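Subject: A structure for you to look at

Hi there,

I am handing over a structure for you to explore, and below it I have written up what turned up when I went through it. Please open it beside this email and follow along.

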Amino acid sequence: MKVSIVSLGCSKNLVDSELILGALTKAGHTITSEASADAIIVNTCGFIGDATRESVNTIVDLAEYKRKGGCRKLIVTGCLVERYAEELRAALPEVDAFWGTGGLFRIPELLAADGEASAYTSAPGTIYDPESPRVVTTPPHTAYVKVSEGCSRTCSFCIIPKLRGRMRSRDAESITREAALLAERGVREINLIAQDLTSYGRDIDTDLESVLKKLATVDGIEWIRLHYCYPWGFTSSLLDLISGEEKILPYIDLPLQHINDRILKLMSRGTSAKQIKSLVRRLRERIEGLTLRTTFIVGFPGETEEEFGEMLDFVEEARFERVGAFRYSHENGTVAGGMEDTVSEEEKVERYERLLETQAEISLANNRALVGSTHTAFIEGSDENGAYAARIPLQAPEVDGVTHLEAKRPLKVGDRVRVRITGADFYDLYAALA
């Protein structure tokens, strides 16, 4: 069959979609666009309300291909199915099968199955190995490597442990072998992802430092980037490794969620404002040229204007290079879902906008400070104005801005060049070949 897949949500979900694509191609199916597909697969996100709505709307939109007769099968998989399998089955009769986050390599079986729509979830989360079939959909020089599945944290607002199960780490040899195979295919940047990267290996008697040392020996890999780091686990020796190993980029994605002690306790984060501020100082002091990315939640149940103001003051103080934000979403099945949602939607939106406005000015100042500096960059493609879109080490794929590069000689995706920063705006940089 000709099959199309639509992947929603985070990079961890994207890896799952790439594994599904690998299983499909191994089974002899052809990957194509939605318009020409015999079957469409939607890999959903159900993390928060906005993601749920996006997933449902996408399913409804894609069902049009089936109603018009071009598509014969519509399959829905992913986190949303783990949460609402039976509800989805009742509400979306046009879907032929629902599948959770586990057993992804069995999805090709659904293309051959007949009968009524099934609502099936196996044990959540799929662990893969280096030899697992996978179609990498990112540009050829970069790829995501998922080092663990699930999460053993008990943050009160988060549904992920119920959708993905407790943390299960892949062994270091498997991760290193995957990186080597990716390098043989031309990948030079690996982005390590997990729900809780700094806890990697605790369930199998190893740690992040050990796997990073192994990955740094892989020929061909030039950049190693760390995503979704929980605030615990930054030992002195790990910081020494990040600071001293050339391949490990001085880039840390460190979701903090809040800074007020009362809210942090309600969130069950296990960290205090004092500990967070101390960690940020340590990271800045130990890792030269650090790019620090974080995420906050605004409008958590009971959050007062003063407590939100404490977050704004911290953002001003910490001068993060990158900040993302979520408006709190009341999720059934979480501890916080049982709390009274006292912050109105209007207040959440207003606080969200104020946070991003505050960070925008900081980002602009940080970016302007880069003007005149030189960096290595990978070519990602072209921008809307005909210049090249590139990324320097300070910019992670998908979530950060890009560097708009003017070049008088032809370049291709994946080329590695030296650039000089010539300009900056709130999110993007501008450059010329150095």
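First, a term you will need: a residue counts as exposed when its relative accessible area is over 50%, and as buried when that value is under 20%. Please also keep in mind that this is a predicted model.

**Two exposed loop residues**

Let's put the term to use on Glu-398. Its relative accessible area is 72%, so Glu-398 is exposed. You will find Glu-398 in the loop between strand E16 (388-391) and strand E17 (403-406). Its backbone deserves a look too: phi of Glu-398 is near 75°, which is a positive value in a residue other than glycine. As background, most residues other than glycine have a negative phi.

Glu-288 is another one to click on. With 73% relative accessibility, Glu-288 counts as exposed because the cut-off is over 50%. This residue sits in the loop that links helix H10 (273-286) and strand E13 (291-298). Try finding Gly-244 as well: Glu-288 and Gly-244 are 44 residues apart in sequence, and their C-alpha atoms are 9.6 Å apart in space.

While we are on loops, Tyr-228 is not a glycine either, yet it has a positive phi of about 60°. Tyr-228 belongs to the loop between strand E11 (223-226) and H8.

**The sheet and its edge strand E7**

Now for the strands. There is an open sheet of 6 strands, in the order E7-E10-E11-E12-E13-E14, and the pairing is parallel. At its edges are strand E7 (142-146) and strand E14 (322-327), each of which pairs on one side only. On average, neighbouring strands of this sheet are turned by 20° against each other, with direction ignored.

Have a closer look at E7. It runs parallel to strand E10 (residues 189-193), and 5 bridges join the two. Within this pair, Tyr-144 has Asn-191 in E10 as its bridge partner, and Ala-143 stands opposite Ile-190 in E10.

Is E7 enclosed or open to the outside? 5 of the 5 residues of E7 are buried, so the strand is largely enclosed by the rest of the structure. Both of its faces are covered: Thr-142, Tyr-144 and Lys-146 are buried on one side, and Ala-143 and Val-145 are buried on the other. Helix H1 (residues 11-26) lies across E7 and E10, and it runs at about 95° to E7.

**Three pairs of helices**

For this part, remember that two packed helices are described by the angle between their axes and the distance between the axes.

*H8 and H10.* Helix H8 (residues 236-244) packs against H10 at an angle of about 40°, and the axes are 10 Å apart. That angle makes H8 oblique to H10. The crossing of H8 past H10 is right-handed. Ser-236, Leu-239, Asp-240 and Ser-243 in H8 meet Arg-282, Leu-283 and Arg-286 in H10. Sorted by class, this contact has 2 nonpolar, 2 polar and 3 charged residues.

*H11 and H12.* The axes of helix H11 (residues 305-318) and helix H12 (residues 345-368) cross at roughly 15° and come within 10 Å. H11 is therefore roughly parallel to H12. H11 passes H12 in a right-handed crossing. On the H11 side, the contact includes Phe-308, Met-311 and Leu-312, while Arg-351, Leu-355 and Ile-362 are among the residues they face in H12. The contact of H11 with H12 divides into 6 nonpolar, 2 polar and 4 charged residues.

*H6 and H7.* Helix H6 (residues 172-184) and helix H7 (residues 208-215) have axes 9 Å apart and pack at an angle of about 30°. Why are H6 and H7 called roughly parallel to each other? Angles under 35 degrees count as roughly parallel, so H6 and H7 earn that description. H6 passes H7 in a right-handed crossing. From H6 the contact takes Ala-172, Glu-173, Ile-175, Thr-176 and Ala-179, and from H7 it takes Val-211, Lys-214 and Leu-215. By class, these are 5 nonpolar, 1 polar and 2 charged residues.

Enjoy exploring, and write back with any questions.

Best wishes

How values were computed:
Residues numbered from 1 in each chain as written. Predicted model: local features only at pLDDT ≥ 70, side-chain atom pairs only at ≥ 80, totals over all residues. Heavy atoms only, no water. Pairing = 2+ DSSP bridges. Helix = DSSP H or I, 4+ residues; strand = E, 2+ residues; numbered from the N terminus. Axes fitted to C-alpha atoms, helices over the stretch in contact; angles between N-to-C directions. Contact = heavy atoms within 4.5 Å. Buried < 20%, exposed > 50% of the residue type's maximum accessible area, 1.4 Å probe, protein only. Parallel < 35°, antiparallel > 145°, perpendicular 65-115°, else oblique. Left-handed = near helix turned anticlockwise from the far one by under 90°. Nonpolar A, V, L, I, M, F, W, Y, C, P; charged D, E, K, R; others polar.
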